[in-house]
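Hello,

I am passing a structure on to you, and I hope you enjoy looking through it. Please open it below, and then read on for what turned up.

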Amino acid sequence: MSNIKSMFRKKWSSEERLDGKTAIVTGANTGIGKETAWDLAKRGARVIMGCRNIEEAKDAANEIIKDTGNTAVVACQLDLANTKSICDFTEEIYNMEIPVHILINNAGVVMCPYEKTTDGFEMHIGVNHLGHFFLTFLMMDLLKNSAPARIINISSIVHKMGKIQFLDLNSEKSYHPVKAYAQSKLANVLFTQELAKRLEGTGVAVYAVDPGMVYTNAIRHMNTLIQNIIKKYNFLVKTPAEGAYTTIYCAVTPGLEHGNGGYYSDCGPSTCCRAARDEESAKLLWKLSCNMLGIRWR
């Protein structure tokens, strides 16, 4: 079985330390986010876990502290489906009066039934894209002042199936969970590429990451048949720890600044789809996102 697994999974490791660095990981109470937080804490970083379920987040933080011996792991309330919660979280971070060197936009929803966020956005585009777009906007001054800094947006290979419905971004005219999820993952890559251009010369680099097919509880909204297939052949699917490899690679690898705006998979540069490289779409999505959130971001 281990030989079969090795055919599909790339191994990666690094001894890079993060002592004196601060990292924020959204959705860090479970799955890839938790494994990412654990790894960064093990490297000596101060880790702030932004999670919707604060009780689960505290339990996860305590586990990480106990396992790594790093006491600088903090759980904070963050609901990316609520812009007020995002504002409150950001205010809490600024009040800590600490630099932030790494922002990992990891949290997300996967193929859930039609639902809207507190602010009236379709859940996939609202959490996976707009929530992290707004969080990054609010954190930008702190990241620039902490430079060199990095932003990592978790996308998916599913972005290749996506199409940005500029006239129906909220999926009010037509909704399908797979299409909505794919649209949000494509939005993650377009956001990354446009943000990278706007951050040139600031010392803040940004990357989009495909973690691969990972076995986590995020599959709970998928079709039952698909869930059963994934569970049956889970030996071909990455564990959450393996799914975190590329995120950690982008967070800690020295000299990666030259890859600013890049799309990464399996711990190295990869190629996103043509739609994700369309500059006009990226600019239009940026403008539309600002309008929907009621913000001005030059």
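**Strands and their partners**

Val-25 stands opposite Ile-104 in strand β4. This is a predicted model, so please read everything here in that light.

That pair belongs to the pairing of β1 with β4 (residues 102-105), which is parallel and has three bridges. On β1, another residue to look at is Ile-24, whose bridge partner in β2 is Ile-48. β1 and β2 (residues 46-51) run parallel as well, and five bridges join them. To get from β1 to β2, the chain passes through helix α2 (residues 31-42), and this β-α-β crossover is right-handed.

**How covered is β1?**

Is β1 (residues 22-26) mostly covered or mostly open? It is mostly covered, with five of its five residues buried. You can check this from both faces: Thr-22, Ile-24 and Thr-26 are buried on one side, and Ala-23 and Val-25 are buried on the other.

**On to β3**

Which strand pairs with β2 over five bridges in the parallel sense, with residues 73-77? That is β3. If you would like a place to start on this pairing, take Gly-50, which has Cys-76 in β3 as its bridge partner. Here the chain goes from β2 through helix α3 (residues 54-68) to β3, and this β-α-β crossover is right-handed.

A good way in is to find Ile-24 and its partner Ile-48 in β2, then turn to Val-25 and look across to Ile-104 in β4.

Happy exploring, and best wishes

How values were computed:
Residues are numbered from 1 along each chain as its sequence is written. This is a predicted model: local features need pLDDT of at least 70, side-chain atom pairs count only at pLDDT 80 or more; totals for chains, interfaces and linings use all residues. Side-chain values use heavy atoms; hydrogens and water are left out. Buried means under 20% relative accessible area, exposed over 50%, partly exposed in between (1.4 Å probe, protein chains only). Helices (H or I, at least four residues) and strands (E, at least two) are DSSP runs, numbered from the N terminus. Two strands pair if DSSP finds at least two bridges between them. A crossover is right-handed if, with the strands pointing away from the viewer, the path from the first strand over the helix to the second runs clockwise.
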